[in-house]
Amino acid sequence: MRTPARLGLVAGALLYAAAFPAEAQVVVPPPSAVPIPAKPRDTVLVGADSSKAKADSIEKAKADSIKADSIKAPIGRFSDPALYEIGPQYEWNRAQLFAAGALTVVDILDRIPGVTTFRSGWLATPQTATYNADFQRVRVFYDGIEIDNLDSRNSGPLDLSTVQLWSLEHLSIERSAGELRIYMRSWRVDNTDPYTRVDIATGNEDTNLYRGFYGRRFNNGGVLQLAGQQYGVASPRFAGSGDALSLLARLGIARKAWSIDAFVLRSHATRDLERTIAGSGRPPVLSLDATNTDAYIRAAVGGVESGPWAQITVASLGFKGTTGPDRTAGTAFADTLERRQSETQYNASAGFTLGPARVEVEDRLRALGGQTYNGASGRLDLVTPIGVATGLVEHDGFRKTTNADAGIRAQPLPFIAFSGSIGRSIPITSGASTQITTTSARGEVAIKLFGPWLSAGMIRADGTPGLAPVVYDTLLLPTVAARVSARTASIRGPIRGGFGIDAWVTQWDTAGSYKPKYESRSEINYSNKFPRAFPRGDFEVRVAGIFEYRGSVTFPLEAGDLQTPVAKTISALLEIRIMRAVLSYQQRNLLAYQYQVIPGFEMPRVLAIYGVRWDFWN
């Protein structure tokens with residue numbers, strides 16, 4: 001088993017990093033965490049020169065206490081899309097991502113109406129998602145690089161468990177009519193104050209997780225970042241066993257008007273053979289030993305918050321993996337040999353921000369499998385106090401489509417709001433495009449009930465000849481070209497006294513392939529910093545209770561469709577922050593409800609995971 005050796009490497013790396021000072025931060029520390037200037041060493045002297053020495057000492061103390069500007073220019077240039085949800089937007093900064101209790105990308109996607117997530121077990125198992133009942137409609141962008149599925153054996157959708165949520169500083173989700181676009185920004189540091197962080201967690205199914213972060217910005221604008229995550233799961237039941245070690249590094253320099261950096265994120269994951277429950281007759285998820293490497297060199301110029309900017313990124317994406325056979329079946333698979341795939345992306349983007357208007361254009365060139373694919377896009381965002389309007393046009397040479405969508409949020413009165421999006425996708429005629437022309441739309445109207453927004457809406461989308469989640473079963477059929485529609489309702493926002501609510505329900509027209517008839521998620525949360533007792537902000541409590549419901553889901557096969565039964569779970573999350581340490585405890589499926597997300601794979605009963613996240617400033 002590889003886990004003990006890896007845990008030793010990670011523990012050693014954390015101890016080694018902690019021995020050196022760091023000069024960066026992730027979030028602004030509370031007032032009690034701000035470094036206090038060191039006292040001058042010579043404050044009282046005797047003799048004839050004591051007055052002069054004392055004056056020199058005072059000047060030195062002033063010089064020591066008044067450092068050069070500790071906030072350095074940011075690395076890279078980003079123009080995150082304007083979001084147009086009613087109420088809280090679907091975006092999270094670094095602290096919010098961890099406070100949400102999310103360990104993987106699908107933990108975040110579970111919060112989004114119109115999204116249906118799939119997993120065969122716990123952390124080490126494959127994870128996928130549909131948007132409007134279509135796997136092709138989910139796209140992931142990491143620092144502007146689109147993440148594609150490079151595993152030739154898994155020709156279906158991207159396995160979202162390979163996307164490293166822990167490495168992010170910001171995540172935003174654009175829920176357009178035609179696509180769900182997930183925009184991710186990797187962790188960066190901008191403060192010369194030393195920063196180190198350690199996370200430790202453990203839980204059911206023999207789950208152990210460790211993280212370590214080290215960042216430093218230098219006075220000349222230089223940046224050095226190192227980070228890593230190791231987790232291991234040794235499930236004695238059916239939750240799926242495996243482990244993964246991920247490492248991150250960044251080296252670069254940034255000045256006020258430009259920046260250049262090199263970044264690498266490498267993950268080596270092993271997944272054990274995951275068997276189905278007895279009597280299901282379904283094949284197992286085969287074991288996998290895989291390494292994913294994402295690296296880029298990036299140069300950027302121009303303004304950060306306003307004015308013109310431009311950026312060029314050259315990225316290399318790589319996959320190397322070996323699938324193990326099911327030896328109990330008595331046969332060996334021809335694809336158990338190591339397989340490799342690499343992709344190069346050349347991205348050039350530029351934009352301009354002037355007041356409420358933001359314009360961005362981008363050209364993306366892919367080199368993959370001996371072929372090149374070019375794509376170009378343009379976006380216009382208009383953000384005003386009474387609403388948001390946004391539009392995107394894209395010529396996608398990789399998918400051989402031309403796409404356009406527009407979104408709007410209008411709030412003519414403080415208690416009334418409207419939101420909607422319309423999109424259209426047309427296949428490119430010059431080439432063997434397998435796509436069809438599709439039109440999609442969604443809309444919502446909401447009223448504000450004191451704090452939260454109560455909304456009702458609809459979804460209409462034309463399906464495409466899509467993908468199948470063959471990572472679970474190679475005999476599963478892809479989604480078909482058919483129109484889907486749904487009605488939605490939600491109540492989201494703060495209530496009173498630190499309480500908040502985030503609840504939604506989706507009723508699809510019919511239960512179909514990879515689509516339940518009903519799906520909902522409801523969360524009641526409470527947060528309090530107790531400002532009277534802790535005026536310096538050194539204490540905070542956050543509690544959340546979650547109920548999730550999913551109706552029966554159909555999985556199409558040539559030999560006859562399979563269905564999963566109704567699934568419903570109750571979960572809870574507790575987080576206590578004491579100065580710079582956060583104690584976290586969460587339980588999923590509190591009532592030990594037996595359910596399946598993928599036919600034949602029983603999900604874990606009660607899943608508890610608890611630990612601590614601890615930030616250190618020098």
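**Entry 1: a loop asparagine**

I began at Asn-589, which I found in the loop between strand S30 (581-588) and strand S31 (596-598). This is a predicted model, so I kept in mind that local features are taken only where pLDDT is at least 70. The phi of Asn-589 is near 60°, a positive value in a residue other than glycine. I paused there, because most residues other than glycine have a negative phi. Is Asn-589 buried or exposed? With 3% relative accessibility, under the 20% cut-off, Asn-589 counts as buried.

I then looked up Asp-206, whose phi is near 50°, again a positive value in a residue other than glycine. Asp-206 is in the loop between strand S8 (195-203) and strand S9 (207-217).

**Entry 2: the chain as a whole**

I stepped back for the totals. The chain has four helices and 33 strands. It runs to 618 residues, and 52% of them count as buried. I noted an exposed area of about 27,600 Å², with carbon and sulfur atoms supplying 62% of it. For contacts between residues at least 6 apart in sequence, I found that 60% join residues at least 24 apart.

**Entry 3: strands around S33**

I went back to S8 and S30, this time for their pairing. S8 pairs with strand S33 (residues 607-617) in the antiparallel sense, over nine bridges. In that pairing I found Ala-201 opposite Gly-611 of S33. S30 also pairs with S33 in the antiparallel sense, here over eight bridges. Gln-587 is the residue that stands opposite Ala-608 in S33.

**Entry 4: an open sheet**

Which order do the five strands of the open sheet follow? I read it as S1-S6-S7-S4-S5, with mixed pairing. Strand S1 (91-93) and strand S5 (145-146) are at the edges and have a single partner strand each, so one side of each has no neighbour in the sheet. I followed S1 to its partner: three bridges join it to strand S6 (residues 168-175), and the two run antiparallel. Glu-91 has Ser-172 as its bridge partner in S6.

**Entry 5: three strands further along**

I traced strand S24 (residues 499-508) next, which is joined to strand S25 (residues 518-528) by nine bridges, running antiparallel. The bridge partner of Gly-500 in S25 is Asn-525. From S25, ten bridges lead on to strand S26 (residues 539-550), antiparallel once more. Here I picked out Ser-522, whose bridge partner in S26 is Phe-547.

**Entry 6: nonpolar cores**

Which members of the largest nonpolar core touch the most other members? Of its 50 residues, I listed Leu-109, Leu-160, Leu-171, Ile-173, Ile-182 and Met-184. Helix H4 (residues 105-109) gives the most to this core, with four residues. I checked the surroundings of Met-184, leaving aside neighbours within four places in sequence: its contacts include Val-105, Val-140, Phe-141, Tyr-142, Leu-168 and Leu-171. Asp-143 and His-170 are also among the contacts of Met-184. Another core, of 18 residues, lies apart from this one, and among its members are Val-470, Tyr-472, Val-553 and Phe-555.

**Entry 7: a serine in S20**

I looked at Ser-419, which lies in strand S20 (residues 416-427). Its relative accessible area is 5%, so Ser-419 is buried. What lies 2.7 Å from a polar atom of the Ser-419 side chain? I found the backbone oxygen of Tyr-84 there. Not counting residues up to four places away in sequence, Ser-419 touches Tyr-84, Glu-85 and Ile-86, along with Ile-408, Arg-409, Arg-442, Gly-443 and Glu-444.

**Entry 8: aromatic pairs**

I counted 17 aromatic pairs. One is Tyr-373 with Phe-398, edge-to-face, at 5.2 Å centre to centre and 85° between the planes. This pair links distant parts of the chain, 25 residues apart: Tyr-373 is in strand S17 (residues 371-384), and Phe-398 is in the loop between strand S18 (387-396) and strand S19 (401-413). I also compared their cover: Tyr-373 is buried, with a relative accessible area of 15%, whereas Phe-398 counts as partly exposed at 25% relative accessibility.

Phe-530 and Phe-539 make a tilted pair, 5.9 Å centre to centre with 45° between the planes. Phe-530 counts as partly exposed, at 33% relative accessibility. My last look-up was a cluster in which ring pairs link Phe-118, Phe-135, Tyr-514 and Phe-555. I had already met Phe-555 in the core of 18 residues.

How values were computed
Residues are numbered from 1 along each chain as its sequence is written. This is a predicted model: local features need pLDDT of at least 70, side-chain atom pairs count only at pLDDT 80 or more; totals for chains, interfaces and linings use all residues. Side-chain values use heavy atoms; hydrogens and water are left out. Two strands pair if DSSP finds at least two bridges between them. Buried means under 20% relative accessible area, exposed over 50%, partly exposed in between (1.4 Å probe, protein chains only). A nonpolar core is a set of buried Ala, Val, Leu, Ile, Met, Phe, Trp, Tyr and Cys residues joined through side-chain atoms within 4.5 Å. Contact means heavy atoms within 4.5 Å. Accessible areas come from the Shrake-Rupley method with a 1.4 Å probe; for residues, only the protein chains shown count as cover. A polar contact is a pair of N or O atoms within 3.5 Å; within protein, one must be able to donate a hydrogen and the other to accept it, and residues adjacent in sequence count only if both atoms are side-chain atoms. Rings of Phe, Tyr and Trp (its six-membered ring) pair if their centres lie within 6.5 Å; planes under 30 degrees apart count as stacked, over 60 as edge-to-face and the rest as tilted.
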